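Thanks for coming. I will walk through one chain and the ligand it holds, and then say something about charged pairs.

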Amino acid sequence: MQAWDVIVIGAGAAGLMCAAEAGKRGRRVLVLDHGKRIGRKILMSGGGRCNFTNYYTEPAAYLCGNPHFVKSALARYTQWDFIALVEKHGIAYHEKTLGQLFCDDSAQNIVDMLVAECDAAGVTIRLRAEVLNVEPMGEGFAVTTAGEPYRCQSLVVATGGLSMPKIGASPFGYRLAEQFGLKVLPTRAGLVPFTLQPEDKQTLEGLSGVSLPVVAKSECGARFAENLLFTHRGVSGPAVLQISSYWQPGQRVCFELLTEGSLSGAVADSPNQELKTWLARYLPKRLVDALLARGELVSKPLKQYTHKELAAIEQRLAAWPLQPGGTEGYRTAEVTLGGVDTNELSSKTMEAKKVPNLYFIGEVMDVTGWLGGYNFQWAWSSGWVCGQVV
Ligand code: FAD
């Protein structure tokens with residue numbers, strides 16, 4: 001049975017960062033992944049260009065049962081640290097929007113960078129090596145794979161979440177946590193498009209392809225000013241992906257299509273203009289037509305509306321309600337909400353409080369970032385702090 005100082009399960013963003021850091025400290029590190037390629041999610045992220053971090057990373061951009069948990073790791077390994085690493089490797093990048101940083105060329109640059117860091121630190125990476133079982137052994141662990149058995153002093157679980165099952169996502173990390181008596185919070189898809197209720201599907205399906213800037217609002221008070229996109233399956237776009245992480249089944253979401261006050265001002269300027277003509281100056285015409293067809297609006301010359309009617313139209317468009325039928329689920333979700341309860345882990349090292357030498361990093365734990373590079377930054381930060389101690 002081969003003995004290692006550290007075994008990392010998962011050659012994804014968090015696992016590779018942790019392995020490189022531990023290797024730099026002289027630890028003998030083995031990374032095991034059941035996939036055929038290293039960093040598969042990195043490769044498909046950001047439309048193939050990997051949105052690797054965000055200039056505005058801060059703890060408020062993360063959903064976690066314990067909102068304070070992320071502070072320490074994010075402060076010790078910041079977006080600026082990761083940007084410095086990217087620059088050290090000569091990777092060209094740009095800010096797309098809202099602080100989101102993407103590779104100019106390809107996400108492969110980020111994978112190559114992590115592999116180079118691991119190589120320089122003497123880390124061994126084995127692919128097609130599914131970890132099937134872990135048992136305590138002395139002060140460390142025995143790790144069973146489909147091939148060779150291994151033992152290690154420290155075990156790092158970096159198996160990610162459940163999204164994109166086609167590229168290797170597995171519940172293994174959650175099962176392992178439960179096996180060692182750690183609480184795992186219920187998981188659900190996040191950063192995911194909404195599907196529609198059957199009645200909305202009929203009236204909104206024709207809007208497929210329509211996109212517009214909105215403010216999406218959840219019942220719990222989260223708000224995101226981003227784009228809404230109607231698709232043939234429902235609604236998507238960054239506004240929807242963001243708000244989906246704050247949505248619970250049965251709840252409504254609201255979209256601010258038009259700011260309150262704009263319509264009342266128009267009556268004096270264009271009293272003879274029809275409502276639908278005026279609205280089409282600000283909203284896509286196909287959306288205005290759909291709102292009329294759904295009976296949400298009645299179009300007539302603006303001067304014919306009473307103040308009360310105008311106020312009601314404004315209110316409706318300032319908080320256009322939609323009750324999603326559900327989400328598209330893990331098949332298209334970018335992340336998994338929930339996971340290993342952070343109360344079970346040290347926020348400084350990611351070590352399980354009850355199980356010495358067992359660590360959880362990255363998406364497998366109950367930490368989920370907003371859309372825009374925040375999830376990778378969590379993988380880098382949690383992986384880095386863990387790499388300093390394993
Ligand atoms: P992963 O990267 O998921 O790595 C986990 C690894 O563990 C996998 O390689 C898997 O094969 C391996 N594994 C699992 N079980 C086992 C087992 N039993 N044995 C061996 N190996 C195992 N975030 C951003 O910040 N910016 C983006 O641009 C972005 N784009 C995304 C696009 C898509 C389509 C998706 C799905 C996600 C995107 N994300 C993005 C989210 C981001 O990819 C994840 O949050 C991040 O990859 C999590 O890193 P991780 O290392 O924790 O897990």
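Let me start with the shell around the ligand: its residues divide into 12 nonpolar, 13 polar and six charged. In that split Ala, Val, Leu, Ile, Met, Phe, Trp, Tyr, Cys and Pro count as nonpolar, Asp, Glu, Lys and Arg as charged, and the others, Gly among them, as polar.

Before going on, a word on where this comes from. This is a predicted model, in which local features need pLDDT of at least 70 and side-chain atom pairs count only at pLDDT 80 or more, while totals for chains, interfaces and linings use all residues. Residues are numbered from 1 along each chain as its sequence is written, and side-chain values use heavy atoms, with hydrogens and water left out.

Back to the ligand. Which residues are closest to the ligand? They are A14, D33, S170, E363 and F376, out of 31 residues that surround the ligand. A residue is near the ligand if one of its heavy atoms lies within 4 Å of it.

Some backbone atoms can be named here. A backbone N or O atom of G373 lies 3.5 Å from an oxygen atom of the ligand, and a backbone N or O atom of N375 lies 3.3 Å from an oxygen atom of the ligand. For H34, a backbone N or O atom is 3.1 Å from a nitrogen atom of the ligand. Polar contacts in general are pairs of N or O atoms within 3.5 Å; within protein, one must be able to donate a hydrogen and the other to accept it, and residues adjacent in sequence count only if both atoms are side-chain atoms.

How much of the ligand does the protein bury? Taken alone, the ligand exposes 1000 Å², and the protein buries 95% of that. Accessible areas here come from the Shrake-Rupley method with a 1.4 Å probe, and for residues only the protein chains shown count as cover.

Three elements give two or more residues to the shell: helix 1 (13-24), helix 2 (40-44) and helix 13 (374-387). Helix 13 gives the most, with three residues. Helices (H or I, at least four residues) and strands (E, at least two) are DSSP runs, numbered from the N terminus.

Now the chain as a whole. The chain has 13 helices and 21 strands. Its C-alpha trace spans about 85 × 40 × 35 Å along the principal axes. Of the 390 residues, 56% count as buried, where buried means under 20% relative accessible area, exposed over 50%, and partly exposed in between (1.4 Å probe, protein chains only).

UniProt, in an unreviewed entry, places "domain: RsdA/BaiN/AoA(So)-like Rossmann fold-like" at residues 5-388. Over residues 5-388 the chain is 30% helix and 25% strand, with the end C-alpha atoms 13 Å apart. UniProt also lists "domain: RsdA/BaiN/AoA(So)-like insert" (unreviewed entry) at residues 188-335. That stretch, 188-335, is 32% helix and 23% strand, and its end C-alpha atoms are 9 Å apart. UniProt positions are given in the numbering used here, feature names are shortened, and annotations may be inferred rather than shown by experiment.

On to charged pairs. Side chains of opposite charge can pair when their charged atoms come close. A salt bridge is a side-chain nitrogen of Lys or Arg within 4 Å of a carboxyl oxygen of Asp or Glu, and by this rule the count comes to 17.

One of them joins E296 and R316, with the closest N and O atoms 2.9 Å apart. E296 sits in the loop between helix 11 (285-293) and helix 12 (307-318) and R316 in helix 12, so the pair ties together parts 20 residues apart in sequence. Is E296 buried or exposed? E296 is buried at 16% relative accessibility, whereas R316 is partly exposed at 34%.

Another salt bridge pairs K354 with E344, at 3.2 Å between the closest N and O atoms. Both residues lie in the loop between strand 19 (335-340) and strand 20 (358-360), so the pair ties together parts that are 10 residues apart in sequence. K354 counts as exposed at 51% relative accessibility, and E344 is buried at 10%. Elsewhere, salt bridges that share partners join E21, K24, K88 and E117 into one network.

Last, E87, in helix 4 (residues 79-88). The side chain of E87 makes a polar contact with the side chain of Y93, at 2.5 Å, and E87 is partly exposed at 46% relative accessible area.
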